[in-house]
Amino acid sequence: MGNNTNLRIGLPSKGRLSDLAGDLLKQAGLRFRRQNRSLFARVSDLPVDLIFLRTDDIPTLCAEGAIDMGITGSDLVDEAQADVSVRMPLGVGRCRLAICVPEDSPAESGKDLAGARVATSFPNISGNHLAQYGVTPHLVHLSGSVEVMISLGIADAIVDLVETGSTLAANKLRILEEIGTYETVLIQNGKCRDRVTAERIVRRLEGVVIARDFSLLEYNIPKSALSAAEKITPGFNSPTINPLEDQDWCAVRVMVKRSGVIDAMEQLETLGASAIMETEITNCRL
Ligand SMILES: Nc1ncnc2c1ncn2[C@@H]1O[C@H](COP(=O)(O)OP(=O)(O)OP(=O)(O)O)[C@@H](O)[C@H]1O
Ligand SMILES: O=P(O)(O)OC[C@H]1O[C@H](OP(=O)(O)OP(=O)(O)O)[C@H](O)[C@@H]1O
Ligand SMILES: [Mg+2]
């Protein structure tokens with residue numbers, strides 16, 4: 001282990017969030033090298049140690065103070081009922097938690113699950129969700145491969161994560177009801193060892209997460225159409241507008257949601273804009 005005063009951040013040691021978390025930190029300028037499967041890495045030039053842990057242990061270990069911050073799924077934070085605060089969503093690892101039943105089940109909602117056997121890795125979330133209907137199912141707590149439990153005869157319904165839905169289709173299951181949507185988050189505990197460094201980490205990650213979500217759009221527009229153009233591209237705060245040699249025109253620089261860039265470009269062109277250019281940004285401070 002490193003120095004006892006260094007900020008400790010817990011990262012998934014394996015699984016689908018492991019690379020996503022490591023890439024985010026690297027893009028945010030944290031330089032580290034994880035020696036083959038080592039559970040610990042020191043960050044260059046910052047008083048930060050990275051501890052590689054199981055994704056589902058990170059909320060509890062953060063609440064207990066073993067780590068000060070962590071990257072994990074918000075589903076796992078809720079399930080662990082851990083006393084941590086979510087500092088920011090990280091824009092990756094989006095998924096839904098759903099109650100699922102066989103395709104040919106007559107059930108119409110979670111209310112129809114009274115007395116049913118429900119297999120899940122999320123007994124707390126599932127139990128609390130069904131309790132709001134006054135339904136207390138028999139919960140079978142498993143750590144994985146939950147979808148197969150209905151055909152094994154262990155369960156009548158399951159509660160599991162759904163992303164594309166292909167695992168459900170392969171097991172001839174359908175969604176009965178969605179419980180919630182989740183994503184990868186940065187968490188922090190209340191007794192953080194080094195708050196100044198923790199804030200620097202939050203600001204750095206914010207820069208990366210916002211940059212991944214936005215593009216920089218530049219275009220020239222007749223001044224007469226400027227206010228209409230500003231409605232299409234209002235910007236993060238407000239657009240930057242510069243004069244052009246032709247006094248009837250101006251140049252605009254503005255942040256635009258990446259998912260809406262093509263649409264915005266088409267609308268601007270229709271308004272009479274020219275030289276419309278999208279630039280990808282990798283990091284920003286707003
Ligand atoms: N399709 C998905 N299925 C499961 N989890 C997903 C999915 N998409 C995003 N996630 C997120 O990833 C978390 C699981 O991360 P984990 O590191 O355990 O990966 P894993 O690939 O499921 O590993 P394991 O092989 O141990 O099950 C979930 O809690 C959820 O937040
Ligand atoms: O909707 P989909 O895109 O099919 O994704 C959802 C599936 O992926 C996860 O399983 P995982 O691959 O983590 O296997 P596990 O059950 O061994 O954890 C999850 O538990 C679902 O089974
Ligand atoms: Mg899994």
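What follows is a short exchange about a predicted model, in which labels are set against their definitions.

Biologist: What makes I67 buried or exposed?

Modeller: Count its neighbours. I67 has 26 other C-beta atoms within 10 Å. The cut-off for buried is 20 or more. Therefore I67 is buried.

Biologist: Where does I67 lie, and which residues is it in contact with?

Modeller: I67 lies in the loop between α2 (58-63) and β4 (69-73). Leaving aside neighbours within four places in sequence, its contacts are R8, I9, G10, I51, L61 and C62. A contact here means C-beta atoms within 7 Å.

Biologist: How far apart are I67 and L226?

Modeller: In sequence, 159 residues. In space, 50 Å from C-alpha to C-alpha.

Biologist: Why is F52 called partly exposed?

Modeller: F52 has 18 C-beta neighbours inside 10 Å. Buried needs 20 or more, and exposed means 12 or fewer. The count for F52 falls in between, so F52 is partly exposed.

Biologist: Which element holds F52, and what does F52 touch?

Modeller: F52 sits in strand β3, residues 48-53. It touches L11, S13, R34 and L39, with residues up to four places away in sequence not counted. F52 and I221 are 169 residues apart along the chain, and 51 Å separate their C-alpha atoms.

Biologist: What makes Q81 stand out in its backbone?

Modeller: Its phi is positive, about 50°, although Q81 is not a glycine. Q81 is found in the loop between α3 and β5 (85-89).

Biologist: How do you know whether Q81 is buried or exposed?

Modeller: Q81 has 12 other C-beta atoms within 10 Å. Exposed means 12 or fewer. So Q81 is exposed, with its count right on the limit.

Biologist: What about the phi of S145?

Modeller: S145 is not a glycine, yet it has a positive phi of about 50°. Its place is the loop between β8 (138-141) and β9. S145 has 12 other C-beta atoms within 10 Å. The limit for exposed is 12 or fewer, so S145 is exposed.

Biologist: Which residues are around ligand 2?

Modeller: S145 is one of them. The others are G144, E147, D160, L161, V162, E163, T164, G165, S166 and T167. What puts a residue on that list is a C-beta atom within 6 Å of the ligand.

Biologist: Which element gives the most to the shell around ligand 2?

Modeller: β9, with three residues. β9 (157-162) and α5 (166-170) each supply at least two. By class, this shell has two nonpolar, six polar and three charged residues. Glycine counts as polar, so G144 and G165 go into the polar class.

Biologist: How many residues surround ligand 1, and which are the closest?

Modeller: There are 14. The closest are G15, R16, T55, G73 and E163. The elements giving two or more residues to this shell are α1 (16-27) and α3 (74-80). By class, the shell has six nonpolar, five polar and three charged residues.

Biologist: From which domains does the shell around ligand 1 draw at least three residues?

Modeller: From each of domain 1 (7-92 + 183-193) and domain 2 (95-182). The assignment also gives domain 3 (214-280).

Biologist: How many residues of domain 1 are in contact with domain 2?

Modeller: Seven residues of domain 1 are in contact with six of domain 2. On the domain 1 side, α3 brings the largest share, four residues. That side divides into no nonpolar, three polar and four charged residues. The domain centres, taken over C-alpha atoms, are 28 Å apart.

Biologist: How does the radius of gyration of the protein sit against the compact globule rule?

Modeller: A compact globule of 286 residues would have a value near 19 Å. The protein has 24 Å. Its C-alpha trace spans about 75 × 55 × 35 Å along the principal axes. Buried residues make up 32% of the 286.

Biologist: What does the UniProt record annotate?

Modeller: The entry is unreviewed. It places "domain: ATP phosphoribosyltransferase catalytic" on residues 54-206. Over that stretch the chain is 25% helix and 31% strand, with end C-alpha atoms 24 Å apart. It also places "domain: Histidine biosynthesis HisG C-terminal" on residues 211-283. There the chain is 29% helix and 40% strand, and the end C-alpha atoms are 5 Å apart.

Note on methods
Residues numbered from 1 in each chain as written. Chains lettered and ligands numbered in written order. Predicted model: local features only at pLDDT ≥ 70, side-chain atom pairs only at ≥ 80, totals over all residues. Domains from an automatic or database assignment. UniProt positions renumbered as here; feature names shortened; annotations may be inferred. Rg over C-alpha atoms; globule rule 2.2 N^0.38 Å. Contact = placed C-beta atoms within 7 Å.
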